[in-house]
Amino acid sequence: ILVNSAGAASIAPFLEVSAQDFQRLMKVNVEGTLYCAQSAAREMSKRGYGRIINIASIAGQRAAFGRTTYGTTKAAVIGLTKQMALELAPFGITANAIGPGPVGTPLLLNALSEKGLKKYLELIPAGRLGKVEDIADAASYLAGEQASYVNGHVLFVDGGYSAIGVRDA
């Protein structure tokens with residue numbers, strides 16, 4: 001089992017994204033995922049069994065201001081996961097991604113103002129931020145035998161954030 005969970009983030013308006021920052025996040029979020037998965041898959045293929053779980057983000061599906069670089073890299077992780085699923089299935093390896101929504105980590109909580117937190121909570125149908133345990137539970141499921149036929153899937157763990165449309169119309 002491999003869980004690719006290392007990642008980096010940055011916030012900058014689209015017109016201000018620097019080449020250096022874009023390349024740095026591509027190296028960590030996409031290249032790191034690729035190279036770790038290749039290394040693990042080489043060993044897994046010898047055994048005829050493996051589970052690869054890539055941590056993507058809701059940002060890979062849903063745009064947000066200032067998240068050009070981060071969102072692009074996480075969309076690439078989603079695409080890479082699907083490619084892995086296709087090519088590694090004959091070796092008994094599944095590849096899936098988890099797309100966390102807003103999770104109440106110190107990193108997020110320190111970055112949000114009270115107003116920002118309130119806005120997030122208004123957009124999440126569950127009415128709360130995710131917990132690290134929510135993401136760990138999803139990874140545990142994807143790593144287990146119950147998910148043996150789940151391959152190339154992105155499991156958004158976001159309290160309904162990705163599903164929301166117009167509310168209170």
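Leu-155 touches Ala-97, Ile-98, Gly-99, Ala-138 and Leu-142, leaving out residues up to four places away in sequence. Leu-155 belongs to strand β4 (residues 154-157). The model is predicted. It holds 5 helices and 4 strands. From the N terminus, the order of elements is β-α-β-α-β-α-α-α-β.

**Overall form**

- The protein has 169 residues and a radius of gyration of 17 Å, which agrees with the value near 15 Å for a compact globule.
- Along the principal axes, the C-alpha atoms fill a box of roughly 50 × 40 × 30 Å.
- Buried residues make up 40% of the 169.
- Take the contacts with a separation of 6 or more: 75% of them join residues 24 or more positions apart.

**Surface and charge**

- The accessible surface is about 9800 Å².
- Carbon and sulfur atoms account for 59% of that surface.
- The protein carries 16 positive and 13 negative charges.
- The mean positions of the two sets of charges lie 2 Å apart.

**Strand pairing**

- Strand β1 (residues 2-4) pairs with β2 in the parallel sense, over 3 bridges.
- In that pairing, Leu-2 stands opposite Ile-52 of β2.
- Strand β2 (residues 50-55) also pairs with β3, again in the parallel sense, over 6 bridges.
- Here Ile-53 stands opposite Asn-96 of β3.

**Strand β2: cover on both sides**

- β2 is mostly covered, with 6 of its 6 residues buried.
- Gly-50, Ile-52 and Asn-54 point one way from the strand, and all are buried.
- Arg-51, Ile-53 and Ile-55 point the other way, and these too are buried.

**Strand β3: cover on both sides**

- β3 (residues 93-100) is mostly covered, with 8 of its 8 residues buried.
- One side carries Ile-93, Ala-95, Ala-97 and Gly-99, all buried.
- The other side carries Thr-94, Asn-96, Ile-98 and Pro-100, also all buried.

**Pro-100 in β3**

- Pro-100 is found in strand β3.
- Its relative accessible area is 12%, so Pro-100 counts as buried, the cut-off being under 20%.
- Beyond four places in sequence, Pro-100 touches Ile-55, Ala-56, Ser-57, Ile-58, Ile-135 and Val-157.
- One of these partners, Ile-55, is a buried residue of β2.
- Pro-100 and Glu-122 are 22 residues apart along the chain, and their C-alpha atoms are separated by 17 Å.

**Leu-155 in β4**

- Leu-155 has a relative accessible area of 25% and is therefore partly exposed.
- Among its contacts are Ala-97, Ile-98 and Gly-99, which are buried residues of β3.
- Leu-155 and Ala-56 are 99 residues apart in sequence, yet 9.4 Å apart in space, C-alpha to C-alpha.

**Helix α1: Thr-33 and Tyr-35**

- Thr-33 sits in helix α1 (residues 19-47).
- Thr-33 counts as buried because its relative accessibility is 4%.
- Leaving aside residues up to four places away, Thr-33 touches Asn-4, Val-28, Asn-54, Val-77, Leu-80 and Met-84.
- Among these, Asn-54 is a buried residue of β2.
- Tyr-35 also lies in helix α1.
- Tyr-35 is partly exposed, with a relative accessible area of 47%.
- From Tyr-35 to Arg-67 there are 32 residues in sequence and 24 Å in space, C-alpha to C-alpha.

**Helix α2: Thr-73**

- Thr-73 lies in helix α2 (residues 68-88).
- The relative accessible area of Thr-73 is 0%, so this residue is buried.
- Not counting neighbours within four places in sequence, Thr-73 is in contact with Leu-25, Met-26, Asn-29 and Val-30.

Key
Residues numbered from 1 in each chain as written. Predicted model: local features only at pLDDT ≥ 70, side-chain atom pairs only at ≥ 80, totals over all residues. Heavy atoms only, no water. Helix = DSSP H or I, 4+ residues; strand = E, 2+ residues; numbered from the N terminus. Buried < 20%, exposed > 50% of the residue type's maximum accessible area, 1.4 Å probe, protein only. Contact = heavy atoms within 4.5 Å. Rg over C-alpha atoms; globule rule 2.2 N^0.38 Å. Areas by Shrake-Rupley, 256 points an atom, 1.4 Å probe, with all protein chains shown as cover. Lys, Arg positive; Asp, Glu negative; His and termini not counted. Charge placed at Lys NZ, Arg CZ, Asp CG, Glu CD. Pairing = 2+ DSSP bridges.
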